[in-house]
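Reader: Please take a close look at the aromatic rings of this structure and at the helix packing that accompanies them. A connected account would be preferred to a list.

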Amino acid sequence: MAITEKNYPTAKKVVVVGAGIVGASIVYNLSRRKGVAVTVLERDEPCAGASEHSFAWLNAFGKDPVSYHHFNRRSMDIWDRFARRLGMDLDLHWGGELRWEHTPDRAEALRQRVKLLQARGYPTRIISKDEIRGLEPNLSPGPVTIASFSEIDGRVDPLKVVDACLQQACDNGTVLHTQTPATELCLNEHGKIEAVKTPSGEISCDAVVLANGTATTALAATAGVHIPQQNSPGVVIRTDPQPPILQNVSALHLPPIDEDRHEIHLRQSADGTFAIGQGSQESVDRDDSQAHADSLLSRAIHYLPALAGARAIPKPVGYRPMPIDGLPVLGFCEAVPNLYVALMHSGVTLAPLVGELATLEIVDGARVEMLDPYRPERFRSAN
Ligand SMILES: Cc1cc2nc3c(=O)[nH]c(=O)nc-3n(C[C@H](O)[C@H](O)[C@H](O)COP(=O)(O)OP(=O)(O)OC[C@H]3O[C@@H](n4cnc5c(N)ncnc54)[C@H](O)[C@@H]3O)c2cc1C
């Protein structure tokens, strides 16, 4: 049976599985509604999953197709309102994103991307080498064939966001269980979830939200729902705190130095530490060694000599929640109508919007049209 507006479920007792940035935003938004009792199950501590490993660049730069680009853009546009409501320091900074290229093929790819983004109305533009220096005087860019600046991009600290959301939600009456994994979704004879099993007992519910990142696939399977994912490891290292080296931008993408020293992305947080990753936001990287961390830092020093005294701090590999087609999975499941899935890459960019829209669907029984491309049913034929 198709889910229509009429039979779309409304809920009172909601269990949210997972306290990363996506789960925390949903929990916070749910907790603002009267008459909704929210329980959060987190198998570890809040922000223990991908959110802790994220580069946390708020952007719609490489997001395709166009509907997904606009989806990310819309979330960027509501980030400030979300932050204002939370009313705490989130290290949210809107300084834009800067990048440049010096080889002809990469320069042409960037030129095409800028053209496409401008056609979508994204405020990205080609800038000169002098403008690079104006934005970031400590950069030593070397030869520049083309450079771009995306002025509305930002960055945030996911840990602070999760803390703020959960603090507010708990003030609103939400019950948070840490070190408590959800191990099974228990169905009644009508095929709806009546309880979530944990090692300390079952929790009854009217609806369940799966916001447990890479572990969503296994838990959804206990209710017979298929949510396929790809394995997407990534590494973002840190440095020790540095004086302010970056003056303006929220994120930098630096070109490859040579065939062995690939491109990197980096940013500096308010506490002075740098976060550095290799390749793009989606690049696969499994190397969490000190040697790899040193190599990432040495590439950063090549372009930012002021980083020369910094120490590279390796970080464990992080695993991106990555649906098999790369697009978010959002919404109630037809087969299990009180099971709501919230699985996605770019969850740091998307958290404010997803929290707001999921709440409309879970509490008000709305069916938000904007979410139609992301419904879990698209994987049904793979069952
Ligand atoms: C290296 C890397 C770089 C990234 N860069 C960016 C970026 O620049 N910009 C951007 O927007 N996004 C980026 N992302 C993606 C973004 O970080 C994720 O999409 C986002 O953090 C997902 O949040 P989440 O809450 O869905 O999942 P998670 O943060 O993984 O949270 C899931 C939580 O569920 C808990 N859990 C799992 N199973 C259970 C269970 N059975 N019971 C109870 N709890 C459970 C986990 O412990 C975890 O705390 C990056 C990700 C990585 C790894």
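Author: What follows describes the aromatic pairs, then the charges placed over rings, and finally two helix crossings. The model is a predicted one.

A search of the whole structure finds seven aromatic pairs. A pair of aromatic rings is described by the distance of the centres and the angle of the planes. For Trp 100 and Tyr 303, the ring centres are 5.6 Å apart and the planes stand at 80 degrees; an angle over 60 degrees counts as edge-to-face, so this pair is edge-to-face. Trp 100 belongs to strand S4 (residues 97-101), while Tyr 303 belongs to helix H8 (residues 290-303), so the pair ties together parts that are 203 residues apart in sequence. Trp 100 and Tyr 303 are both buried.

Another edge-to-face pair is formed by Phe 332 and Tyr 340, with 4.9 Å from centre to centre and 85 degrees between the planes. Phe 332 and Tyr 340 are likewise both buried. Elsewhere, ring pairs join Tyr 28, Trp 79 and Phe 82 into a cluster.

Charged side chains also meet aromatic rings. The ring of Phe 61 has the charged end of Arg 99 over it, 4.0 Å from the ring centre. Over the face of Phe 55 lies Arg 267, at 5.6 Å from the ring centre.

Two residues of the cluster, Trp 79 and Phe 82, also take part in helix packing, as they are among the residues of H3 that meet H6. The axes of helix H3 (residues 66-86) and helix H6 (residues 158-171) come within 10 Å of each other and cross at roughly 55 degrees. H3 and H6 are therefore oblique to each other, and their crossing is left-handed. On the H3 side the contact involves Trp 79, Phe 82, Arg 85 and Leu 86; on the H6 side it involves Val 161, Ala 164, Cys 165 and Gln 168.

The remaining crossing concerns helix H1 (residues 21-31) and helix H9 (residues 347-364), whose axes are 8 Å apart and which pack at an angle of about 40 degrees. That angle makes H1 oblique to H9. H1 passes H9 in a right-handed crossing. H1 contributes Ile 21, Val 22, Ser 25, Ile 26, Asn 29 and Leu 30 to the contact. The H9 residues in this contact include Gly 347, Val 348, Ala 351, Pro 352, Gly 355, Thr 359 and Val 363.

Definitions and conventions:
Residues are numbered from 1 along each chain as its sequence is written. This is a predicted model: local features need pLDDT of at least 70, side-chain atom pairs count only at pLDDT 80 or more; totals for chains, interfaces and linings use all residues. Side-chain values use heavy atoms; hydrogens and water are left out. Rings of Phe, Tyr and Trp (its six-membered ring) pair if their centres lie within 6.5 Å; planes under 30 degrees apart count as stacked, over 60 as edge-to-face and the rest as tilted. Helices (H or I, at least four residues) and strands (E, at least two) are DSSP runs, numbered from the N terminus. Buried means under 20% relative accessible area, exposed over 50%, partly exposed in between (1.4 Å probe, protein chains only). A charge sits over a ring if NZ of Lys or CZ of Arg is within 6 Å of the ring centre and within 35 degrees of the ring normal. Axes are lines fitted to C-alpha atoms, for helices over the stretch in contact, and angles run from 0 to 180 degrees between N-to-C directions. Angles under 35 degrees count as roughly parallel, over 145 as roughly antiparallel, 65 to 115 as roughly perpendicular and the rest as oblique. A crossing is left-handed if the near helix is turned anticlockwise from the far one by less than a right angle, and right-handed if clockwise. Contact means heavy atoms within 4.5 Å.
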